[in-house]
Protein chains: 2
Amino acid sequence: MMQKSSVLCSLLGIQFPVIQAGMAGGPAGSELAAAVSKAGGLGTLGAAYMSGEAIREAVKLIREKTDRPFAVNLFTADMKDDFSRIHEVKEVLAPIAESIGAEAGFEGLKTKDMFLEQFQAVMEENVPIISTAFGLLPEEHMAEAKNQNRKIIAMATTVEEAISAERSGADAVVAQGSDAGGHRGTFDMNKHPQGANIGTFSLVPQMADALAIPVIAAGGVMDGRGLAASLMLGASGVQLGTRFLACAESGAHPAYQEMLTQSNEASTVLTSAFSGRPARGISNQFISSFELSGVPPLPFPSQNTATGKIRKAAAEQNNPAFMSLWAGQGLRMMKYGETAEDILLKVMKEAEDSLASF
Amino acid sequence: MMQKSSVLCSLLGIQFPVIQAGMAGGPAGSELAAAVSKAGGLGTLGAAYMSGEAIREAVKLIREKTDRPFAVNLFTADMKDDFSRIHEVKEVLAPIAESIGAEAGFEGLKTKDMFLEQFQAVMEENVPIISTAFGLLPEEHMAEAKNQNRKIIAMATTVEEAISAERSGADAVVAQGSDAGGHRGTFDMNKHPQGANIGTFSLVPQMADALAIPVIAAGGVMDGRGLAASLMLGASGVQLGTRFLACAESGAHPAYQEMLTQSNEASTVLTSAFSGRPARGISNQFISSFELSGVPPLPFPSQNTATGKIRKAAAEQNNPAFMSLWAGQGLRMMKYGETAEDILLKVMKEAEDSLASF
């Protein structure tokens, strides 16, 4: 399609410059990652909340389905807990838990930092591509991965972050625009307490101007028009998350998928209520209740741990009002009844058509 | 360049599908509007804060420089004042005013609603294109304008707003993404208290899918890559504001222009502190001071009126710390030392080059 996207495809060993986002917590499991890679894109296992053992099992499942390259996505955030304000937050969460009959359990909360076992699993399983969110791989891990010729994709939300990713040794950078669903990947939450929220349209060309390595556009890319536009803005490829949420191989909860069908471009908000870090999702009762309280969430990852049982109970009850419904701002462009392969082929066809029309 | 952009150009009687945003309060005066129209784009007089008489004079100046079509931009917001919380807001504004030696004068504040005299001037002066922000032309004014074959461009921030604009009789809609500088054009502030902030990349294709009339992409469009990308996303043209702020014909204050050179994609914030409506501008001391107070601004336009003397004094003192420095999220793409014509010719050349490279 173009020199830049060819470079990205060669770098990653893929056919199409389309990456499936590593949506953590269920949507991007082994089935979705395998289907995307098998169809010629880059599938990604959303492994941020998985144990090392779970990653090993998922990687085996992916390899049973395809021998093409795939990525595993990890969080590199500081996982130190701070529950010093739990009593204040508990005042808000306890009535919410009670309202859905959930056992919230605010005693002895602790977040398990699984990064080291995750990284070890990824290295030992010879995962070819490692993608990261919330920061960069620690220097020694980056060196180890690069020594073994793994490719590293870092997600960034500002040009400054992208430059630091390139300097750290990353092979490509995902430009995560504010249109994107899910957690803002902003590195330094002290510097950008609400996340750095620069629109995809603005972020991509500014990153492309600043970097020598390929830039992958993310946030609001839903179809081939988005791929064509991203290439025009200087990107080498695109990353899609939301579009894959409703496909046959998606691991997203059915109640979450159902909410997508009822939502549009104005349905999402940025909120820290679920995890302590800003993330874009469909507005629901949990977000409204927490934010109306005026109590600030705990910092990440402690808020995430504190809300875990409520989210789990809501999922078991098929109750989307209290689940995190991460989604981007392109929801009117959602399609249903597709496989991952359908999505890839349509996106490529539409992009070719868009480009050919000029 | 393409059928869709040709339709827009024919509709407006322009050569290039590039519109200069109607930046109110100085930047988009008669000199800029005339230069843009003369060079083949659509120049726009930012007339929202101008009297009918001032509009008449500016229109004459434009016509002395070019016989090509141009637009006059008006606000259609409800201009009813609400100063019921002025005592609370005064507690925040008075020390700020004092700190720069400004006479703030909080007694007898009143916003003059100039819409009727503005509209009358625009009609009587035979202004060919009327563009609006914050809502739609009232029904009787829309009918009068359409009867006289004026073209109407409405700015919208959601698909729902865009559909209502099309139904009202608008000839084209500006899709104002959240990347854009200046006021969010959101129609109903009760429905979207922070403004509807959908990224340009996401908003444009969803509006294009929903409308039969042309969509003009706005927000983060800074160069020809942006024009090419907008066309890929389904737009018929683009609107640029920020890029024109530093050109030779810009009416932007020199201290404001200087601040642009020191800013980047992460320098802007959305704030209601200046006017009572959310707007994107470069973060400065006024915004920080007002927001740190925790006092909510008055509603628009009363907050704008209440901060007027501070902004005026700051401008007279060349002090950008207390001026509104509206700007979009593409600031690393700013160029300096250009004329408006340079910008238009470069944007068109770059867009052709981008499209030709595929």
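The crossing of α2(B) and α3(B) is right-handed, and it makes a handy way into this predicted model. Helix α2 of chain B covers residues 30–38 and helix α3 of chain B covers residues 52–65; the two pack at an angle of about 35°, with their axes 9 Å apart. On the α2(B) side, the contact is made by B:Ser30, B:Ala33, B:Ala34 and B:Lys38, and these meet B:Ala58, B:Leu61, B:Ile62 and B:Lys65 of α3(B). Sort those contact residues by character and you get five nonpolar, one polar and two charged.

Now follow the chain into its sheet. Eight strands of chain B form an open sheet, and reading across it the order is β1-β9-β8-β6-β5-β4-β3-β2, with parallel pairing. At the edges stand β1 (18–20) and β2 (43–46) of chain B; each has a single partner strand, so one side of each is left without a neighbour in the sheet. From one strand to the next, the twist averages 25°. Helix α2(B), where we started, packs on this sheet as well: α2(B) touches β1, β2 and β3 (70–75) of chain B, and the direction of α2(B) makes about 165° with that of β2(B).

For a look at one pairing inside the sheet, take β4 (residues 129–133) and β5 (residues 151–156) of chain B, which run parallel and are joined by four bridges. If you want a residue to anchor your eye, B:Ser131 stands opposite B:Ile153 in β5(B). Just ahead of that pairing is a backbone detail: B:Asn126 sits in the loop between α5 (115–124) and β4 of chain B, and phi of B:Asn126 is near 55°, a positive value in a residue other than glycine.

Another backbone detail turns up in both chains. In chain A, a cis peptide bond joins A:Phe300 and A:Pro301, with omega at about 0°. A:Pro301 lies in the loop between α11 (285–293) and α12 (302–316) of chain A. Over in chain B, a cis peptide bond joins B:Phe300 and B:Pro301, again with omega at about 0°, and B:Pro301 is in the loop between α11 (285–292) and α12 (302–316) of chain B.

Step back to a whole chain. Chain A has 13 helices and 11 strands. Its C-alpha atoms fill a box of roughly 55 × 45 × 40 Å along the principal axes. With 358 residues, a compact globule would have a radius of gyration near 21 Å, and the 19 Å of chain A agrees with that.

So how do the two chains sit together? A turn of 180° and a shift of 0.0 Å along the axis lay chain A on chain B with an RMSD of 0.0 Å. The two copies are thus related as by a two-fold rotation axis. Within chain A, the C-alpha nearest that axis belongs to A:Ala229, 2.0 Å from it. Both copies use the same surface, as 100% of the contact residues of chain A recur in chain B.

That leaves the interface itself, where 37 residues of chain A are in contact with 37 residues of chain B. On the chain A side, the elements giving two or more residues are α8 (200–210), α9 (224–232) and α13 (340–356). The largest share, seven residues, comes from α8(A). Taken by character, the residues on this side of chain A divide into 16 nonpolar, 16 polar and five charged.

Methods
Residues are numbered from 1 along each chain as its sequence is written. Chains are lettered from A and ligands numbered from 1 in the order in which they are written. This is a predicted model: local features need pLDDT of at least 70, side-chain atom pairs count only at pLDDT 80 or more; totals for chains, interfaces and linings use all residues. Copies are superposed by least squares on the C-alpha atoms of residues with pLDDT of at least 70 in both. Two residues are in contact if their C-beta atoms, placed from the backbone, lie within 7 Å. Ala, Val, Leu, Ile, Met, Phe, Trp, Tyr, Cys and Pro count as nonpolar, Asp, Glu, Lys and Arg as charged, and the others, Gly among them, as polar. Axes are lines fitted to C-alpha atoms, for helices over the stretch in contact, and angles run from 0 to 180 degrees between N-to-C directions. A crossing is left-handed if the near helix is turned anticlockwise from the far one by less than a right angle, and right-handed if clockwise. Two strands pair if DSSP finds at least two bridges between them. The radius of gyration is taken over C-alpha atoms; the globule rule is 2.2 Å times the number of residues to the power 0.38.
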